[in-house]
Every structure is written in structure tokens, then in C-alpha cells.
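Reader: I would like to learn how to read the features of a model step by step, beginning with a simple pair of strands. Could we start there and then work outwards?

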Amino acid sequence: MFSKRTKGVIGILVAEGRAPVPFAEPGYCRKLCQIGSSRGMTVYVFCPSFLRPGSESVPGYSYENGGWHHKLFPPPDVIYDRCFTHDRRQQQRKRQALSRLSEQHPFVYLTRGLTGKWQVYQALRKFPEFEPHLPETARYEGPEHLAVWLRQHGGEAFLKPEHGTHGKRTLHVKRSELHGGLKITGRDPRNGILHKQFSDSEEGLDWIHRFTSGRSFLIQPFLELSTAKKEPFDIRVLVQKNDTGAWEITGTAARVGARNALTSNLHGGGTAHRALPVLIRELGMPGAKAALASIRDLALRIPPALESHFGRLAELGIDFGIDRKVGRIWVLEVNSKPGRSSFFRIGDRRSARKSVENPILYARYLLLSKP
Ligand SMILES: Nc1ncnc2c1ncn2[C@@H]1O[C@H](COP(=O)(O)OP(=O)(O)O)[C@@H](O)[C@H]1O
Ligand SMILES: [Mg+2]
């Protein structure tokens with residue numbers, strides 16, 4: 001039989017993975033297990049496909065004595081879901097497996113997954129306070145739609161997939177002033193940098209349409225989000241609920257991409273830095289302090305606003321862009337499955353530690369405050 005129920009059972013739900021362990025994010029899961037066991041909680045990792053209909057126990061993995069152990073566990077009280085997929089079939093399979101699990105033992109979700117950039121944009125737009133920080137956004141409808149957009153927006157646009165990550169498949173489209181063609185700079189599906197030039201703009205628009213290959217894309221104005229050296233940069237803020245269930249800023253980091261590389265994502269070759277020194281270099285001391293204060297203020301107001309729409313959330317990674325020339329802060333993206341690597345990379349040990357502790361401490365808070 002499975003191990004005895006401790007002060008609370010947390011199941012970390014991740015996607016299936018490949019050897020050496022059959023699940024995703026083993027490094028992060030290991031840290032969560034270690035923190036959980038130091039607090040007297042049972043923390044284990046499982047994937048949707050591990051669940052067996054009718055079985056009272058959950059096959060999963062826990063990290064103990066320096067290694068992963070495959071065991072049977074009691075069903076979880078709290079599920080920390082890191083397994084968000086936009087594949088409908090997978091979504092349905094996951095939903096069915098979890099609904100069977102909840103019939104055996106009720107559980108709560110630590111946090112909900114946000115359903116994509118368009119839904120988040122729509123939710124935030126309902127709050128007038130965020131309006132000045134949200135880039136105008138439209139859903140790409142086809143070549144003619146993009147042509148109209150370009151005409152109305154000074155011949156420039158930024159395209160990104162609604163369900164994209166890591167800056168992949170992003171495009172900067174610019175109408176050439178000389179001969180009316182299109183110049184495209186972007187990131188391909190594997191995050192490689194791409195350049196295309198079309199003397200015939202219709203050919204360019206057709207190429208873009210093929211590039212979208214049936215995926216849903218968003219169009220935004222191309223924002224000036226570069227450093228003085230023309231490197232794209234943004235500020236990533238991790239906001240999490242803590243051991244008292246209150247939202248707090250765990251850490252901030254600047255991410256800087258290569259010159260003319262379009263995106264600043266770490267997965268696309270960007271580098272992580274401490275936020276304040278980068279902001280001071282780019283905006284001067286008063287500008288940096290004002291930008292950081294505004295970013296922190298937004299980062300604390302956005303989570304409750306989204307919770308009122310999507311239900312309980314526990315952590316968000318928010319990407320802020322800064323237009324240096326006009327000193328404007330833009331909300332670029334809200335991630336409901338945020339990474340933590342920037343804090344480890346910049347040596348911000350306190351934020352790195354807290355970023356892993358908070359999900360466990362908030363789960364414990366949920367368990368203790370359960371009626
Ligand atoms: N409207 C825009 N104009 C210019 N650059 C942008 C714009 N939106 C995003 N970017 C750049 O592209 C990167 C990726 O965009 P983001 O919306 O965060 O999607 P992803 O989910 O791929 O990270 C951002 O970090 C930023 O560097
Ligand atoms: Mg992003």
C-alpha cells in the first residue's frame with residue numbers, strides 16, 4: 001500500500017517526459033519535493049497518463065535520499081498543475097483522468113492555467129487602469145487584414161502566436177519605404193532568426209500567411225523595446241502567493257536579447273541581468289526608479305484582476321516592455337507557468353529560493369485554511 005498521509009499531500013502534475021525520468025521539469029520538481037519534505041508534507045510528481053481508472057492510489061515519483069523513487073501515493077489534496085496543453089485531445093484526456101481522481105478524493109488546484117494571450121488581453125482590457133499599458137491587439141484574420149493593419153499603423157506590425165512561448169514564431173513586418181515591398185524579421189519555429197525581403201508586398205503577405213500555418217496569431221504595433229544599443233529587452237516579474245495567501249513580488253530580472261534579434265527571451269538567446277542596473281543604464285536613476293515602481297505596482301494589481309476572471313491563481317510571470325524614448329511601460333505577456341531560471345542565472349539566491357518555496361507554502365496555507 002502507499003505511504004501514510006502526512007500534513008498534506010501535494011501532487012505536481014507535469015507533462016510526460018523522456019529518460020532519465022519519464023516526466024518534464026525534473027530539476028524544478030526535485031526542489032519542490034525537497035522543500036515539501038522539509039515541511040513535513042508529501043510531495044510527488046505525476047503525469048495524466050499515470051492515473052489508472054478505479055485505482056485508489058496514484059503512481060508517481062518522489063525525490064528522496066538523492067534520487068527519484070517510483071511509488072504509489074495517496075491521492076493529492078492539492079494539485080500543482082504545470083501541465084498546460086493547447087492540444088484539445090490531450091486536454092480532454094487530462095480532464096477526464098482528473099475528474100475520476102476527484103471522485104475518489106476531492107482536491108483543489110493550486111493555480112489555474114491562463115488560456116492564451118488573447119483571453120488574457122481581453123480580461124485585462126476590462127480594467128481601465130491597465131488600458132495605457134496594453135498594446136493595441138487584434139487577432140490575425142488573413143493577408144488582407146494585415147494589409148489594412150499596416151496601412152493604419154505606419155507600415156509596421158508585430159505578430160505573435162496566441163499560444164506561443166519562448167519568443168518562437170514572432171515576426172516584425174515592415175513596409176519598405178523605397179519600393180513598397182515588405183521586410184520581415186522574425187523567429188522561426190525553432191527560435192532561429194529569420195530575415196525575408198519581398199519586393200512584392202502581396203508575396204510577402206502570402207508568405208506570412210503560410211508561416212502562420214493555421215495557428216491563431218495576434219497583431220500588435222511594433223513597439224520600441226530596445227536598449228540604446230538596439231538590443232531588445234524586457235523586465236520579467238515573478239509574482240506569487242506566499243505562506244499567508246497574499247500576492248508578493250518574488251523577484252524581477254531584465255532580459256536582454258542580441259542586437260536586432262527581435263526578442264529577449266532566454267530560450268531565444270537572451271541573457272538575464274539584475275533589473276535595476278539595466279534600467280539605470282537605459283533610463284538614468286530617476287527614470288529607472290519610476291519605471292520599476294510602475295512595474296511593481298502593475299505586477300501586484302494584475303494578479304487579482306485576472307483571478308476575478310479566471311479563478312484562483314498562485315503565480316504569474318509578467319513580461320513588461322519599456323519604450324525608453326517615451327518612458328512608457330507595456331504589459332507584453334502574462335505567463336501562468338512561469339520559469340525561474342532568470343533568478344538562478346543572475347545569482348539572486350533569495351528570489352530563486354523563494355520562487356520554489358512559495359508554491360509549497362501557499363499549498364500548505366490552502367490546506368490549513370480549508371474548512
Ligand atoms: N508588440 C511588440 N513589439 C515589439 N516587440 C515585442 C512585442 N511583443 C513582444 N515583443 C518581444 O517579443 C518577446 C516575446 O513576446 P511575448 O509576448 O512575451 O511572447 P512569448 O510567449 O513568446 O514569450 C518579448 O519578450 C519582447 O522581447
Ligand atoms: Mg514572454
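Author: Let us begin with a hairpin, bearing in mind that the model is predicted. Strand β3 (residues 58-64) and strand β4 (residues 67-73) run antiparallel and are joined by seven bridges. Within this pair, Tyr 61 stands opposite His 70 in β4.

Reader: How many residues lie between β3 and β4, and which residue in the turn has a positive phi?

Author: Two residues separate the strands of this hairpin, and Asn 65 in the turn has a positive phi of about 45°.

Reader: Which residue takes a positive phi in the hairpin of β10 and β11?

Author: In that hairpin, which has five residues between the strands, Asn 191 takes a positive phi near 75°. The strands themselves, β10 and β11, pair in the antiparallel sense over six bridges, and Phe 198 in β11 is the bridge partner of Leu 182.

Reader: When I move from a pair to a whole sheet, I would write down the order of the strands and then look at the ends. What is the order of the strands in the open sheet of six?

Author: The order is β7-β12-β8-β9-β10-β11, with antiparallel pairing. The edges are taken by β7 (138-139) and β11 (193-198), each of which has a single partner strand, so one side of each is left without a neighbour in the sheet. At the β7 edge, two bridges join β7 to strand β12 (residues 217-220), and these strands run antiparallel; here Arg 139 stands opposite Leu 218 in β12.

Reader: Which helix packs on the sheet, and which strands does it touch?

Author: Helix α4 (residues 143-152) packs on the sheet, where it touches β7, β8 (156-161), β9 (171-175), β10 (182-187) and β12, and its direction makes about 140° with that of β8.

Reader: What is the strand order in the open sheet of five strands, and why is one side of β15 and of β17 left without a neighbour?

Author: The order in this sheet is β15-β14-β13-β16-β17, again with antiparallel pairing. Both β15 (271-274) and β17 (328-335) stand at the edges with a single partner strand each, so one side of each is left without a neighbour in the sheet. If direction is ignored, neighbouring strands of this sheet are turned against each other by 35° on average. As for a pair within it, strand β13 (residues 233-241) and strand β14 (residues 247-256) pair in the antiparallel sense over nine bridges, with Asp 234 opposite Arg 255 in β14.

Reader: Turning to the ligand, how many residues surround ligand 1, and which are the closest?

Author: Ligand 1 is surrounded by 21 residues, of which the closest are Lys 117, Lys 160, Gly 167, Asp 234 and Glu 333. The next step is to ask which atoms approach it. An oxygen atom of ligand 1 is 2.7 Å from an N or O atom in the side chain of Lys 160, and an oxygen atom of the ligand is likewise 2.7 Å from a polar backbone atom of Gly 167. On the side chain of Gln 220, an N or O atom is 2.9 Å from a nitrogen atom of ligand 1. Of the 550 Å² of accessible area that ligand 1 has on its own, the protein covers 98%.

Reader: Where in the chain is the ATP-grasp domain annotated by UniProt?

Author: The unreviewed UniProt entry places the annotation "domain: ATP-grasp" on residues 124-367. Over residues 124-367 the chain is 34% helix and 28% strand, while the end C-alpha atoms are 30 Å apart.

Reader: Loops deserve a reading of their backbone angles as well. Which peptide bond is cis, and where is Pro 20 placed?

Author: The peptide bond from Ala 19 to Pro 20 is cis, with omega near 10°, and Pro 20 has its place in the loop between β1 (9-13) and α1 (26-38). Two further loops are worth reading for phi. Arg 169, in the loop between β8 and β9, has a positive phi of about 60° although it is not a glycine. Ser 213, found in the loop between α5 (201-212) and β12, has a phi near 35°, which is a positive value in a residue other than glycine.

Terms used
Residues are numbered from 1 along each chain as its sequence is written. Chains are lettered from A and ligands numbered from 1 in the order in which they are written. This is a predicted model: local features need pLDDT of at least 70, side-chain atom pairs count only at pLDDT 80 or more; totals for chains, interfaces and linings use all residues. Side-chain values use heavy atoms; hydrogens and water are left out. Two strands pair if DSSP finds at least two bridges between them. Helices (H or I, at least four residues) and strands (E, at least two) are DSSP runs, numbered from the N terminus. Contact means heavy atoms within 4.5 Å. Axes are lines fitted to C-alpha atoms, for helices over the stretch in contact, and angles run from 0 to 180 degrees between N-to-C directions. UniProt positions are given in the numbering used here, feature names are shortened, and annotations may be inferred rather than shown by experiment. A residue is near a molecule or strand if one of its heavy atoms lies within 4 Å of it. A polar contact is a pair of N or O atoms within 3.5 Å; within protein, one must be able to donate a hydrogen and the other to accept it, and residues adjacent in sequence count only if both atoms are side-chain atoms. Accessible areas come from the Shrake-Rupley method with a 1.4 Å probe; for residues, only the protein chains shown count as cover.
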